[in-house]
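I opened this model to look up its fold, its domains, its core and the surroundings of its ligand. These are my notes, in the order in which I looked.

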Amino acid sequence: NTIESGKVTWESPSNIALIKYWGKKKDQIPENPSISFTLNNCKTITSLTFSKKENTTNFEFEVYLDGEKKDDFKPKIETFFNRVEVYLPFLRNYKFKIETKNTFPHSSGIASSASGMSALALCLMSLKRQLNPDMPDAYFNQKASFLARLGSGSACRSIEGDLIVWGRTGVIEESTDLFGVKYPYKVHENFKEYQDTILLVDKGEKQVSSTVGHNLMHNHPYAKNRFQQAHDNFKALKPILESGNLEAFIQLIESEALTLHAMMMTSMPYFILMKPNTLEIINKIWKFRQETGLHISFTLDAGANVHVLYPKNEASVILEFIKNELVAYCQNGHYICDQIGMGAKQL
Ligand code: PMV
């Protein structure tokens, strides 16, 4: 099959883990299962322009972010191409132009690796489908997630929505280490359109790359217990999602967030990725929750920013509180309102 040239565009969202992926084996196989909310507004939009070339010795591609050439993105993409070439044997036959932009401000401290790598994986799958038109739809998403995983582990959870599981669990039969799958069981109304307001506490470069972070779980004194805990939390989460028990949900996800940071504090070398304002925000959230009985909670990524999570039907009061009390702790008052989303879209 010959396709001379063309262009495909995908938008793909970021996601926020409830049970965290932290620690991996070779080939981006996670040490424990994770589950995330797919986001709706924080997205990467990537266009892939391709044209057939004669010489097939090298990969040939250029990368643009917001219209500006970005040579510093090339090594990461080169590594990705090398990893996925066995599945995409046409990679050396085309010259590529990768044009990408994010809906969230860059250097916001929001990782664009999940949205960025999933968007690129989807573009490459679109080309693969043009070359193999009989490809079934189900295979397309699975394979896109599989490829995204090889770019950045958590990216495999960004292809679809709204709740995605990655990694073999004892409780979800279809779960696998190889790609993300939709959470297959009943989820209570309480989690519908769940809100995530992201407070940008520190927009600087990440102190620790996630690659370094995952590696620190090798020879980590608490690794074995942590991986077991993630499995146990999966078992606990199923009845919580089914019954809509928000108190139990909050307890589980806040513990997961703090455990992620505890792992970084207890590795060698050790890191503190929270900032004073991260702790101010957490304490304010706890106080407000105690005073009002509302179901406001938080989770964290591998950084200082705080994801404030809450149910849709409490949104107006909680958003008011966030604006009045928490935004003051954000760098330049920056925050992003998001909610659970349904995954990537071809444009
Ligand atoms: O996808 P990576 O390798 O950047 O790892 C991200 C890990 C966390 O964001 C900290 C947790 C998670 O499960 O997304």
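Entry 1, secondary structure and overall form. I counted 8 helices and 14 strands in the protein, keeping in mind that this is a predicted model. I then looked up the radius of gyration, which is 20 Å, and because a compact globule with 347 residues would have a value near 20 Å, the two agree. Along the principal axes, the C-alpha atoms fill a box of roughly 70 × 45 × 40 Å. Of the 347 residues, I find 43% buried, and when I take the contacts with a separation of 6 or more, 75% of them are between residues 24 or more positions apart.

Entry 2, domains. The domain assignment that I consulted divides the protein into domain 1 (5-186) and domain 2 (193-339). I noted that their C-alpha centres lie 24 Å apart, and that the contact between them takes 27 residues from domain 1 and 34 residues from domain 2. On the side of domain 1 that touches domain 2, strand E1 (5-19) and strand E4 (34-52) are the elements that give two or more residues, with E4 supplying the largest share, 6 residues. By class, I recorded 14 nonpolar, 9 polar and 4 charged residues on that side of domain 1.

Entry 3, the core. Nonpolar side chains tend to be buried together in soluble globular proteins, and I therefore looked for such a grouping here. The largest nonpolar core has 84 residues, of which Ile-35, Ala-121, Leu-122, Leu-147, Leu-199 and Val-308 touch the most other members. Helix H2 (residues 113-131) provides the largest share of this core, 10 residues, while domain 1 (5-186) and domain 2 (193-339) each contribute at least three residues to the core. I followed one of those well-connected members, Val-308, and, leaving aside its neighbours within four places in sequence, I find Val-308 in contact with Thr-197, Leu-199, Ile-285, Ile-296, Phe-298 and Ile-322.

Entry 4, the ligand. Which residues come nearest to the ligand? Among the 13 residues around the ligand, they are Ala-17, Tyr-21, Gly-153, Ser-154 and Ser-210. I sorted the shell by class and obtained 5 nonpolar, 6 polar and 2 charged residues. From which domains is the shell around the ligand drawn? I find at least three residues of the shell in each of domain 1 (5-186) and domain 2 (193-339).

Conventions
Residues are numbered from 1 along each chain as its sequence is written. This is a predicted model: local features need pLDDT of at least 70, side-chain atom pairs count only at pLDDT 80 or more; totals for chains, interfaces and linings use all residues. A residue is near a molecule or strand if its C-beta atom, placed from the backbone, lies within 6 Å of it. Ala, Val, Leu, Ile, Met, Phe, Trp, Tyr, Cys and Pro count as nonpolar, Asp, Glu, Lys and Arg as charged, and the others, Gly among them, as polar. Domain bounds come from an automatic or database domain assignment. A nonpolar core is a set of buried Ala, Val, Leu, Ile, Met, Phe, Trp, Tyr and Cys residues joined through C-beta atoms within 7 Å. A residue is buried if 20 or more other C-beta atoms lie within 10 Å of its own, exposed if 12 or fewer, and partly exposed in between; C-beta atoms are placed from the backbone. Helices (H or I, at least four residues) and strands (E, at least two) are DSSP runs, numbered from the N terminus. Two residues are in contact if their C-beta atoms, placed from the backbone, lie within 7 Å. The radius of gyration is taken over C-alpha atoms; the globule rule is 2.2 Å times the number of residues to the power 0.38.
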